[in-house]
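Dear colleague,

Please find the structure below, handed over for your records and further reading. A summary of the findings comes after it.

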Amino acid sequence: MARHEGPVIVFIGQPNSGKSTLFNAIAGPKAQTSNFPGTTVSHTHSEVYFNGQVLRIVDLPGTYSLNPADPAEKAALVHLFKETPDLIVNVVDASLLSRSLELTLELLETEQPMLLALNMVDLAEKKGIKIDPEKLEAILGIPVVMTVANRGRGVKELLSCCVEKLKTGSSPRAPSWTEEVERSVDSLANDLPENFCLVANRRFTAIKLIEAGDTFCHEILEEISQPLKKRVEETRHHLESLRHLPAYEVLAAERHHLAMKIFEAVAKVQRGRKISGEEKLDSLLMHPILGYPLLLVIFCLFFFLIFFIGSPLEQLLLRPWTWLQSWVHGLSLSPPFLTLIDGLLQGIGGGIAIVLPYFLPLLFLMAFLEDLGYLARAGFLLDSLMHRIGLHGKSVAPFVLGFGCNVPAVVSTRILESPRDRFLTSLLIPFIPCSARTTVILALIAFFLGPWWAMGFYFFQLLIVALVGRLLTLFIREPSPGLMLEIPSLKWPSPKIIISKVRYQLRSFVQFAWPILIAGSLVLSLLQLAGVDVWINRALTPLVKGILGLPESLGVTLVFGFLRKELSLLMLLQALGVDYAQLPEVLSRTQLVVFTAFISLFIPCLSTVAIIWREISRKAAVFSMLLNLVVATLVASLGRLIL
Amino acid sequence: MAGQVIKLSEAPQGKQLRIVDIVGGHGLRRRLMALGFHKDDLIERNSDALFGGPVLVKNLSCETSVALGRGVAQKILVEVLDGQA
């Protein structure tokens, strides 16, 4: 990265401390946010103009400490040093100050220019915690700015404080520990060879060498010389003999006690306050018995709301479109030209009238549930169910994200600690009906056969996820590490943030998905004109007609479903040469269900395959495609037999 | 009950508990520590999910709530204190 473009400011903090919300409040919606620990799994860059100065801001994945435990945390650590920041902004959840300070103390050890954004002060006050920022500033030796990122409060102050701090550039001093521990660490720091490649400073490097046992950073231990390795071992033994604890725990305990001491000095905790509405709601959502029916109700409500908003909207939007189409047909244009115009209209109109009506309410509801913090709660409730399919509750978050889009869902498997869980979860994600497939299900099944059919279809798909998971774990037997998932406080979502999230996703739909829909429809028109579609259809006849029992002309729509699943829906109409409303006249109920099931399950869409390839492995991507194809064929032919 | 050292997975709900030891591998100890659970911390077992699901544990000293799988909860030894949480 070129350094001359402006100072680099890095946002770092513990998961769910609101780094990304703060980042978005400054840079506009760019980073994914939700009320679930570990939503940001890779870093996001942005350039911000403030008071005539360019600031380059980097949002890093949340990390509990600088001793990473999963790939997302390791990315945070690596980038913290790779970006060579001019300023570190440590974002802290004020309602969890005492724990968050442990990371702050660790960051201070790097002795780089730094400031503290004390975020969610409103939530802290609700919990009865009152913090004295001036006192905190004095103890830590760095500026402290109070912010409420989701309401945009304190953002300007934070930026001016950053600019001010960049001017002075003064570095804080690392906090010192108990004398005997300090002496041991210092002596190792002094013994590091002159030419040793230091990270941040001598003392910090020594600390990391001591701590790097079985973390993700153990590689550095392999690279150092034998005498130094011995010296590190000696120090570890010395520390262990001091406290009768593993060396890294000795250091962690030092930070912990220091953090507690600072917390007691700067915060007043009011006990016995009234229980807030959110807490009452929370105990209901997490209730060991009532929690489950509520989960079901929320799930059904989610589905029905989308349908009851989407379907009237769809009918309303379809009307002008059908009118336009029949008007074009009445113009007596030459047949090749008419076919092309038809394809174009199908692509543009289908995107607006058939896809958007369902996609839009889905985005709103997803954003609401995400920001409320319900995902982690669903993870808690569903953990034992997930165990049955060989995973644990932490995989619920990638799964739930999968209902929106499979691509970020696969990326988010980075929050899982074990490679085995990541592999398994990414193989199962493509079976989750994403928003594109939900649209297809709603537009074909719910619209023509009724919402209960669609609901059943949806549940059936989830059943398939469970069955495939159960089956796969028979072959991947390695046990999954247990669940350790932070449950963040329930937060009432801010409408402003929900709207900006929806707007951001809508923009990416218009920019990326819609052009594919239009281009795909046009290409189909061209193929029809050239007569190529007949060849593709003929080649696929054994599958389409033989196994699935669908009209032969649908073969080509399946091929294009690989690009985007909604494309198959639009192409279905085009290939059969009918209007949306006439569909039941040419396809039977069974055929509708079989087509939807097959489209929904057969190989994941192109972007999903690409992301599995990149995130997991080529083998996983190929395997995933084969697995989906087999399952889709089985399910669809089963559907044909039963219905 | 008071003063007795038991596994967290067997501890009563709604009572104040003190972490006596975490008898797991390094990975587990590190993760729990990062989540804010240390030896001697006061915690409370709040709720259990059905079907042998995870337990919901709140750390009383730093206000964090975490869901811990049964396997993890078995590795945390706690002492039951007299006071209600």
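The paragraphs that follow describe the domains, the core, one helix pair, the chain contact and some individual residues.

Please note at the outset that this is a predicted model.

Domains of chain A

The domain assignment divides chain A into domain 1 (8-168), domain 2 (179-269) and domain 3, the last of which is written as two segments, 291-484 and 493-642. Taken over C-alpha atoms, the centres of domain 1 of chain A and domain 2 of chain A are 24 Å apart. Between these two domains, 22 residues of domain 1 of chain A are in contact with 22 residues of domain 2 of chain A. On the domain 1 side, at least two residues each are supplied by helix 2 (71-82), helix 3 (97-108), strand 6 (129-131) and helix 5 (133-140) of chain A. Helix 3 of chain A gives the most to this side, with 6 residues. By class, the side of domain 1 of chain A that touches domain 2 of chain A consists of 9 nonpolar, 5 polar and 8 charged residues.

Nonpolar core

The largest nonpolar core has 199 residues, and Phe11(A), Val89(A) and Phe598(A) are those with the most contacts inside it. Helix 14 (residues 335-372) of chain A contributes the largest share of this core, 12 residues. Leaving aside residues up to four places away in sequence, Phe11(A) touches Lys19(A), Leu22(A), Phe23(A), Ile57(A), Val58(A), Asp59(A), Leu60(A), Val89(A) and Val91(A).

Helix 14 of chain A also holds Pro336(A). This proline is partly exposed, with 13 other C-beta atoms within 10 Å. The C-alpha atoms of Pro336(A) and Leu522(A) are separated by 12 Å, while the two residues are 186 residues apart along the chain.

A helix pair in chain A

Helix 19 (residues 435-449) of chain A packs with helix 24 (residues 565-576) of chain A at an angle of about 30 degrees, and their axes are 7 Å apart. The angle therefore makes helix 19 of chain A roughly parallel to helix 24 of chain A. From helix 19 of chain A, the contact involves Ala436(A), Arg437(A), Thr439(A), Val440(A), Ala443(A) and Leu444(A); from helix 24 of chain A, it involves Lys565(A), Glu566(A), Ser568(A) and Leu569(A). By class, this contact has 5 nonpolar, 2 polar and 3 charged residues.

Contact between chains B and A

In the contact between the two chains, 31 residues of chain B meet 31 residues of chain A. On the chain B side, two or more residues each come from helix 1 (26-34), strand 3 (42-48), strand 5 (65-68) and helix 2 (70-73) of chain B. Helix 1 of chain B gives the most to this side, with 8 residues. The residues on the side of chain B that touches chain A divide into 14 nonpolar, 12 polar and 5 charged.

Positive phi values

Which phi value does Asn51(A) have? It is near 45 degrees, a positive value in a residue other than glycine. Asn51(A) lies in the loop between strand 2 (44-50) and strand 3 (53-59) of chain A, and it is exposed, with 9 other C-beta atoms within 10 Å.

His244(A), also a residue other than glycine, has a positive phi near 55 degrees. The loop between helix 10 (226-243) and helix 11 (247-266) of chain A contains His244(A). His244(A) counts as exposed, because it has 8 C-beta neighbours inside 10 Å.

With kind regards

How values were computed: Residues numbered from 1 in each chain as written. Chains lettered and ligands numbered in written order. Predicted model: local features only at pLDDT ≥ 70, side-chain atom pairs only at ≥ 80, totals over all residues. Core = buried A, V, L, I, M, F, W, Y, C linked by C-beta atoms within 7 Å. Buried ≥ 20, exposed ≤ 12 C-beta atoms within 10 Å, placed from the backbone. Helix = DSSP H or I, 4+ residues; strand = E, 2+ residues; numbered from the N terminus. Contact = placed C-beta atoms within 7 Å. Axes fitted to C-alpha atoms, helices over the stretch in contact; angles between N-to-C directions. Parallel < 35°, antiparallel > 145°, perpendicular 65-115°, else oblique. Nonpolar A, V, L, I, M, F, W, Y, C, P; charged D, E, K, R; others polar. Domains from an automatic or database assignment.
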